[in-house]
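Trainee: I would like to go through some labels and the values behind them.

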Amino acid sequence: QPFSYSPAHRAPEYPHANHSTSRHIAKQMAAACISMPPAQAPIPPTPPAGPVPVGLSYEKEIWNITVDPAKGMANLNIHIYILTGVLPGRQKLMAKGQTMYPDTNLVKLGLLARDKIMLVQAPAGQEVEPVHHISPHPVDRTRSKIVCLDELTSALEAAVPLIKEAEMMAKIHKLVMVSEDAGTKLLLKVDEIQGDDNVRAARKALVKHLTGVCDRLDHLKTQTNGAAQANGGGGAPGAQAVQMW
């Protein structure tokens, strides 16, 4: 038979429920939804303090290396040079989706364990240069290059006493000679900077700074050449390089 509605089919009523109570509950639920805090974005992992184990990829080869961000890019550039033979100026590096320049701050880059650094060798004459200048003025651009060369020289000075193998010392000697040549060419560029009294004073300061760096490189050239001849023997430079820095 067709269904017919009658009061007997109504849902049972609860004695303590009324419309005002229902509205009150609905308001409370709405207020709770509005006051709920927004969803928090995921917190990125904190980079570890101290050396970080990462991978270095170059020409289908991968090395497991340790990078100490506090020691800067110059230290990393030398490490990569020892392993691959690619000179620091020709190292086009990428990590964490960013290009790494000679003046990149590794601490701010935030390398994590098992991150990968990609290396491509830049063509000769297209060396990678620093990009974080105070201004695009030739004085500031040149100062950035001198600071990077100074940091590379300091890293070389720290590395030389740790090297025991003639093959690795010969590599360092080559890098010292290339760096000294770059410093000499940079001196010629400094001499070309023209300007007012302030520019001339800044140029004089640059010449003094760069001359000091070149003198240190000249000393390193003599030191590494003599050490390479005195040590003799061979060895596996790549294996030691992973542990040196």
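Trainee: Which residue in β2 does valine 54 stand opposite?

Mentor: Valine 54 stands opposite isoleucine 65. This is a predicted model, where local features need pLDDT of at least 70, side-chain atom pairs count only at pLDDT 80 or more, and totals for chains, interfaces and linings use all residues. Residues are numbered from 1 along each chain as its sequence is written, and side-chain values use heavy atoms, with hydrogens and water left out.

Trainee: What makes β1 and β2 a pair?

Mentor: Pairing requires at least two bridges found by DSSP. Strand β1 (residues 52-58) and strand β2 (residues 61-67) have 7 bridges, in the antiparallel sense, so the criterion is met. They form a hairpin with 2 residues between them, and glutamate 59 in the turn has a positive phi of about 50°.

Trainee: Why is threonine 224 called buried?

Mentor: Buried means under 20% relative accessible area (1.4 Å probe, protein chains only). Threonine 224 has 0%, so the term applies.

Trainee: What joins the side chains of threonine 224 and histidine 173?

Mentor: A polar contact of 2.9 Å. The term covers a pair of N or O atoms within 3.5 Å; within protein, one must be able to donate a hydrogen and the other to accept it, and residues adjacent in sequence count only if both atoms are side-chain atoms.

Trainee: Why are α4 and α5 called roughly antiparallel?

Mentor: The axes of α4 (residues 138-159) and α5 (residues 166-191) cross at roughly 160°. Angles over 145 degrees count as roughly antiparallel, and therefore the label fits α4 and α5.

How values were computed: Buried < 20%, exposed > 50% of the residue type's maximum accessible area, 1.4 Å probe, protein only. Helix = DSSP H or I, 4+ residues; strand = E, 2+ residues; numbered from the N terminus. Axes fitted to C-alpha atoms, helices over the stretch in contact; angles between N-to-C directions. Parallel < 35°, antiparallel > 145°, perpendicular 65-115°, else oblique.
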